[in-house]
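Q: Please take a close look at a single part of this model. I should like to understand how that part is built and what lies against it.

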Amino acid sequence: MALKVLAVADSHVDDRMTLAGLTPVDPETGEPLVLAQARRMLAWVAEVARRENVDLIVHAGDAYERPRPSPASEAVFAHALDAWCEIAPVVLLVGNHDRPHGTDAHALEPLKNRRPGRLYIADRPQPFAVVGGQVGFCPLEQAHAPMAAIFPIPYPSRSYLAERSGGEEETAQAMGAALDRIVLAHATRAELLDVPSIILGHGTLTGAEYRPYQTVPLSDLQIRTEHFDRFTCGVWGHLHKRQTAPGFAGRVHGYVGSPDRHDFGEEGDSKGVTIFDLDPDRPHEPADGWIFVEYPGARKFMTFAPEVFESQHAGIGPTKPPAGAIMRVVGEVDEPTYDRIAASVRALKGAGVIIRNDCSVVREDRARVKDVATALGMHGALVAACGSRADLTPNTETILERVAQLRGGAP
């Protein structure tokens with residue numbers, strides 16, 4: 001009988017929304033909106049797992065947004081894990097957002113004894129077996145007739161090597177070399193097994209695709225894929241874009257993507273979970289069948305050009321955006337247009353819309369302002385600025401005195 005696996009990654013549960021500089025609340029629950037959205041997304045994962053009758057749930061890292069999650073975030077995620085564990089055994093891998101700097105405990109440490117046998121916290125690259133019945137996991141060498149073997153690659157702690165290296169790049173190179181050795185050891189062991197094998201990891205696969213707005217830092221860990229063909233399949237977290245591992249097109253080896261949108265770079269991405277079947281009668285053949293289940297409640301990120309925004313969202317009209325949508329206006333405009341957009345944005349914020357104004361004044365106007373400052377000098381430019389604003393004119397002298405104090409009396 002096939003082993004049906006539900007794969008999810010990068011849930012990033014948190015109670016803070018820094019986008020648009022707002023901390024909106026959910027109108028139904030009164031809790032932070034971003035936390036309510038996470039609660040609903042995690043409950044949806046449980047619904048899919050139950051409906052599809054999965055045998056195993058794997059989470060490929062970054063359960064939380066930060067390594068010291070708030071008590072409210074911990075409560076939401078722990079409640080979801082309890083529901084997941086009632087459906088199938090759950091593997092939870094440590095990601096970079098779960099891992100603190102230094103030697104402090106990672107964010108998943110408190111969950112280790114929450115559901116013995118049903119929940120496995122993979123924070124070390126130690127292989128283990130998935131077994132049937134109520135006890136879901138055991139050490140690989142102790143397993144009798146296991147259903148599958150999992151080879152974890154959790155995001156490593158940098159603290160030990162960082163103390164002995166000459167910088168972040170050197171630390172990353174040393175850790176990359178260590179991870180290569182671990183992957184090779186995992187692959188060698190997987191070849192000897194007569195059960196399906198899953199490499200479950202968190203990190204950047206060499207050649208994986210970042211979005212155009214993202215840059216790969218030199219300190220990022222690079223994990224090579226040359227030995228992946230020895231595993232039945234691979235499930236990875238870290239990059240939020242769904243994609244197969246380089247060189248493994250059409251096979252279940254790669255990033256399953258995040259189940260919800262987290263920023264404007266994911267505006268057009270489909271979000272959800274991946275389900276695939278492992279055939280125990282073909283443990284050494286690559287898994288080649290999976291389905292993607294899209295999450296219908298994913299956050300809506302919406303970017304508007306200035307002219308589109310003014311035509312659709314000037315003030316609060318019949319085209320008010322969907323509840324919970326996160327909006328921004330981006331583009332270069334002249335000063336009158338900027339003032340109109342700023343006024344509309346303020347009105348929408350007052351109505352509870354999550355929106356920010358990222359417009360900038362066109363280069364010609366910025367150059368003109370620069371010319372004025374150059375011709376008049378700092379003092380003259382301030383006087384001119386105060387004179388052009390009715391609300392500032394009465395306080396011109398006070399403003400000039402305050403600026404002089406801040407500049408230490410310099411002209």
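A: The account below concerns one sheet and its surroundings, with the rest of the protein as context.

The structure is a predicted model, in which local features need pLDDT of at least 70 and side-chain atom pairs count only at pLDDT 80 or more, whereas totals for chains, interfaces and linings use all residues. Residues are numbered from 1 along each chain as its sequence is written, and side-chain values use heavy atoms, leaving out hydrogens and water.

The protein contains eight helices and 18 strands; these are DSSP runs numbered from the N terminus, with helices being H or I over at least four residues and strands being E over at least two. Of the 411 residues in the protein, 47% are buried, meaning under 20% relative accessible area, with exposed meaning over 50% and partly exposed in between (1.4 Å probe, protein chains only). Among contacts (heavy atoms within 4.5 Å) with a separation of 6 or more, 69% join residues 24 or more positions apart.

The part in question is an open sheet of six strands, ordered β4-β3-β2-β1-β14-β15, and its pairing is mixed; two strands pair if DSSP finds at least two bridges between them. The edges are held by β4 (119–122) and β15 (290–294), each of which has a single partner strand, so one side of each lacks a neighbour in the sheet. From one strand to the next, the twist averages 20 degrees.

Within this sheet, β1 (3–8) is mostly covered, as five of its six residues are buried. On one side β1 is joined to β14 by five bridges, and the two strands run antiparallel. On the other side β1 pairs with β2 in the parallel sense, over four bridges. V5 takes part in both pairings: F276 in β14 stands opposite V5, and so does L56 in β2. The next pairing, between β2 (residues 56–59) and β3 (residues 90–93), is again parallel and has three bridges. There V58 has V91 of β3 as its bridge partner.

Two helices lie against the sheet. Helix α2 (residues 71–87) touches β1, β2, β3 and β4, and its direction makes about 145 degrees with that of β3. Helix α1 (residues 33–52) lies across β1, β2, β14 (272–278) and β15, running at about 25 degrees to β14. Axes here are lines fitted to C-alpha atoms, for helices over the stretch in contact, and angles run from 0 to 180 degrees between N-to-C directions.

Helix α2 has 17 residues and spans 25 Å from its first C-alpha to its last, close to the 24 Å expected at 1.5 Å a residue, where the expected span is 1.5 Å times one less than the number of residues. Its buried residues are S73, V76, F77, A78, A80, L81, W84, C85 and I87. They pack against β1, α1, β2, β3 and β4.

The two helices also meet each other. Two packed helices are described by the angle between their axes and the distance between the axes. The axes of α1 and α2 come within 9 Å and cross at roughly 5 degrees. The pair is therefore roughly parallel, a term for angles under 35 degrees; over 145 counts as roughly antiparallel, 65 to 115 as roughly perpendicular and the rest as oblique. From α1, the contact is made by L35, R39, L42, V45, A46, A49 and R50, and from α2 by A72, S73, V76, F77, A80, A83, W84 and I87.

The loop between β3 and β4 holds H106. H106 counts as buried because its relative accessibility is 7%. A polar atom of the H106 side chain lies 3.1 Å from the backbone nitrogen of L108, and a polar atom of that side chain lies 3.1 Å from the backbone nitrogen of E109. Residues up to four places away in sequence aside, H106 touches V94, D98, R99, P100, K112, I121 and D123.

The protein also has an open sheet of seven strands with mixed pairing, in the order β6-β5-β7-β8-β11-β13-β12. At its edges stand β6 (137–139) and β12, each with a single partner strand, so one side of each is left without a neighbour in the sheet. Strand β5 (residues 128–130) pairs with β6 in the antiparallel sense over three bridges, with F128 opposite P139.

Notes: A polar contact is a pair of N or O atoms within 3.5 Å; within protein, one must be able to donate a hydrogen and the other to accept it, and residues adjacent in sequence count only if both atoms are side-chain atoms.
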